[in-house]
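Please open the structure in your viewer and keep the selection tool at hand, as each stop on this tour begins with something to pick.

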Amino acid sequence: MTPSGQEPEPSKSRQRRERERAETRNEILRAARELARAEGWEAVSMRRLADRIGYSTNYAYRYFKGRDDILLAFVKDGFARLADNMRSSGTSVQAAAAAYLDFALDEPDLYQVMYGLGGVHVPAAETVSEGDAVGAVMADALGITNPDDDRIARIWATAHGLAALHAIRKLPVDRAHLHRLLAASVDDLLRAPRQPEGDAR
């Protein structure tokens, strides 16, 4: 008998079905990322994915509503992993910013879909909380509680700008050089005197 207030444990058959469903979803996501790496995110479609994994298109729709749903899964996972990497990098602002840049460099295809780069359409309105988690890590490193503090946006914009310029080959320098540029920018920001709230100068 199940104790009061506790949900009954799922049956073994239900557990198996849930495990199989998760495995199939992961298989579809792996196929989507492989296709994106080979041909770009615009090549990802339900039909192409179904052909790639040997299922019918209708079968693929059992696991995802459509292409946007697949992209949304990548965006949510990407921001969660980015926040985790930044959080585990250390407690300093410099470490968090460096971890951000490393993620962008190590996962260029995932970073591209996270930010809708290269013409990729992303349902960004559905990933606000995941994006906010990245800002929260930066706020913690800065030792502030205001999520709208300009320093968060400035550090984020600098790290993202370096990553994006490098991705489109407008900043063809190596990783170490990118990190030096980012570290110098963060140091300059931390040394600069804070302007009073509402100062528009």
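Select Tyr100 to begin: in this predicted model, its relative accessibility is 1%, and because anything under 20% is classed as buried, Tyr100 counts as buried. Add Tyr111 to the selection, which is likewise buried, with a relative accessible area of 3%. With both side chains shown, look at how the rings meet: Tyr100 and Tyr111 form an edge-to-face aromatic pair, 6.0 Å centre to centre and with 85° between the planes. Tyr100 belongs to helix α5 (residues 93-106) and Tyr111 to helix α6 (residues 108-114), so the pair ties together parts that are eleven residues apart in sequence.

Which residues join these two tyrosines in a cluster linked by ring pairs? Extend the selection to Phe79 and Tyr115, which ring pairs link with Tyr100 and Tyr111 into a cluster.

The search of the whole structure finds six aromatic pairs, and another of them is reached by selecting Tyr59 and Tyr63, whose rings form a tilted pair with 5.4 Å from centre to centre and 55° between the planes. The two residues of this pair fall into separate accessibility classes, which are worth colouring individually: Tyr59, at 23% relative accessibility, counts as partly exposed, whereas Tyr63, at 11%, counts as buried.

Next, hide the side chains and display helix α1 (residues 12-39) together with helix α4 (residues 67-87), which pack at an angle of about 90° with their axes 11 Å apart. Because angles of 65 to 115 degrees count as roughly perpendicular, α1 and α4 are therefore described as roughly perpendicular to each other. To see what makes the contact, bring back the side chains of Ile28, Leu29, Ala32 and Arg33 on α1, and those of Ile70, Ala73, Phe74 and Arg81 on α4. How do the residues of this contact divide into nonpolar, polar and charged? Six of them are nonpolar, none is polar and two are charged.

For the last stop, move to the loop between α7 (128-142) and α8 (150-167), where Asp148 is found. Is Asp148 buried or exposed? At 62% relative accessibility, Asp148 counts as exposed. Finally, draw a distance from the C-alpha of Asp148 to the C-alpha of Gly135, and the viewer should give 9.1 Å for these two residues, which are 13 residues apart in sequence.

Definitions and conventions: Residues numbered from 1 in each chain as written. Predicted model: local features only at pLDDT ≥ 70, side-chain atom pairs only at ≥ 80, totals over all residues. Heavy atoms only, no water. Axes fitted to C-alpha atoms, helices over the stretch in contact; angles between N-to-C directions. Helix = DSSP H or I, 4+ residues; strand = E, 2+ residues; numbered from the N terminus. Parallel < 35°, antiparallel > 145°, perpendicular 65-115°, else oblique. Contact = heavy atoms within 4.5 Å. Nonpolar A, V, L, I, M, F, W, Y, C, P; charged D, E, K, R; others polar. Phe/Tyr/Trp six-rings, centres within 6.5 Å; stacked < 30°, edge-to-face > 60°. Buried < 20%, exposed > 50% of the residue type's maximum accessible area, 1.4 Å probe, protein only.
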